[in-house]
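Reader: Could you walk me through one strand and one helix of this model, with the cut-offs behind the words you use?

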Amino acid sequence: MSDSTTSGPDNSVGRRSVLLGGAAAVGGAALASTVAGSAYADVRGLPGAGVGRLRDPFSLGVASGDPLPTGVVLWTRLAPEPTAADGKGGMPNRPYPVRWEISEDERFARPVRSGWEWARPEEAHSVHVEVDGLRPGAEYFYRFRVGNDVSPAGRTRTAPPPGHMGDLTLCFASCSHFGDGYFTAYRRMAEDEPGLILHLGDYQYEYPASDHDVRKVLGPETRTLANYRQRHAQYKTDEDLQLAHSVAPWLVVWDDHETENNWADEVPEQPDPDFLDRRAAAFRAYYENMPLRRSSRPRGIDMRLYRRIRWGGLANFHMLDTRQYRDDQACGDGYGISCEDRFDPNRSITGEQQERWIMNGFRNTRARWDVLGQQVFFSKLDLDSGPGEGYNMDAWDGYVANRDRIAHGMANSNVRNGVVFTGDVHRHWAAEIRDSHDHPDSPPAGTEFITTSVTSGGDGSEDAQQGVLDDNPHVKFYKDRRGYVRTRFSADELRVDYRTLDHVTEPGAPARTAATFVVDDGEPKLHRRN
Ligand SMILES: [Fe+2]
């Protein structure tokens, strides 16, 4: 399926792949029968033969990510007992050889690449296959095998060739708390059959079970490697999440909760002498459970997560990490407050090196759309309706100079259309970014689209926040329902649908479009279409 045949936001889904037609639920057995004695036959002579006795080693599904024009990362993790408290997923303490193959057709009649990767206990038996030698802008199917067990098949795609301007349907999401509700939004995203999915953080939460949970969260507050591995595994057992991973490549970045609420570089939320060990454990488990390249493999307390993915000539995705390098939150990390500190030009949410990297990206871009995929509210947002002022110190409003330098760079560089995609706040918002927010007459620099949560916060409300919208004229939309954002990139416009679900505390809600905005090429303004 080429980009041009991907169903657009205004169309009902046309072609249904095997993945969505119910076959996603078909486990290894059915697929195994179609490949018996074929491409996988050579697995039997290798160490690890006999692992067929493991109870479904592919209980966590499959995923792909970080596409290049000629390659993509394929991911899985062996876990026959996915939620084991020791985080080992029920795997024995030895490596297993995992066979992978990638094909242009869903039946794997013509695999174009295949190979082996070790699933090692020191990486929680995860595998990250960096496939190369693929065709640009093409759709592929992939699957894994260990012993006699075959994984469900996933669909992925490579990035288009340099300069290519074909349309792209992209969905993005953030903030999926397992206990707060059902991951229906992930299923609805999958049904849109996007070419690319962005996850902007809070993929999981560190908290233990609470009385308000509608689904039982396993394990204590995550602090150790075993805790984080178990938590990731519990999330990955969710069928809606597995489906979303299996239909398209993902670009993931974390926010705070994959480690701990509101952490800032080496500073935990509350004093904790063991925080750096905790951070290293969280990073390691995150890498193990995400379709990331080896260049993102953590080394101790460091992990390079910010990176750039090019989508032909249509878009560059600058995926940011606003946690690992930031200065501690200003004004005592308050919410709805202000103080002089937040204007300090030496304070940074990106760190110096990442800021330089962003600016270089802006200077050298030739893309039609330049997208920052990142965690926290970028535009100015005065949360105090009425004469007072109050800001969120965990967001870019707590790092005003850093924000204004980047907004200014966006408006005064080779960036043709600057766009920011954001998560974190558990509400849908839309905003126009000003070159400087403190000079309301300053020219618009770009547009920002903030997605609500997948589940965090529960069903939501009809609260309209009219006072906040009135106080922030550059902010054009607010909605307190769960969901995700669906976008359609083309050479002429960016179309953005705010998708909402009426409830998440029960499964199965349909998704509706609460608002549509269009940005025309060359004009950083929001035009509301419904
Ligand atoms: Fe969140």
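Author: What follows is a short exchange about a strand and its partners, and then a helix. This is a predicted model, in which local features need pLDDT of at least 70, side-chain atom pairs count only at pLDDT 80 or more, and totals for chains, interfaces and linings use all residues. Residues are numbered from 1 along each chain as its sequence is written, and side-chain values use heavy atoms, with hydrogens and water left out.

Reader: Why is strand β6 described as largely enclosed?

Author: Strand β6 spans residues 139–146, and 8 of its 8 residues are buried, so the rest of the structure largely encloses it. Buried means under 20% relative accessible area, with a 1.4 Å probe and protein chains only, while strands are DSSP runs of E with at least two residues and helices are runs of H or I with at least four, numbered from the N terminus.

Reader: And which residues sit on each side of β6?

Author: E139, F141, R143 and R145 are on one side, with Y140, Y142, F144 and V146 on the other, and all are buried. In a regular strand, side chains alternate between the two faces of the sheet.

Reader: How many bridges join β6 to β8?

Author: There are 4, in an antiparallel arrangement, and F141 is opposite R155 in β8; strands count as paired if DSSP finds at least two bridges between them. Strand β3 also pairs with β6 in the antiparallel sense, over 5 bridges, with E101 opposite R143.

Reader: Switching to the helix, how many residues of α4 are buried?

Author: Helix α4, residues 239–247, has 8 of its 9 residues buried, among them L241, L243 and V247.

Technical notes: Buried means under 20% relative accessible area, exposed over 50%, partly exposed in between (1.4 Å probe, protein chains only).
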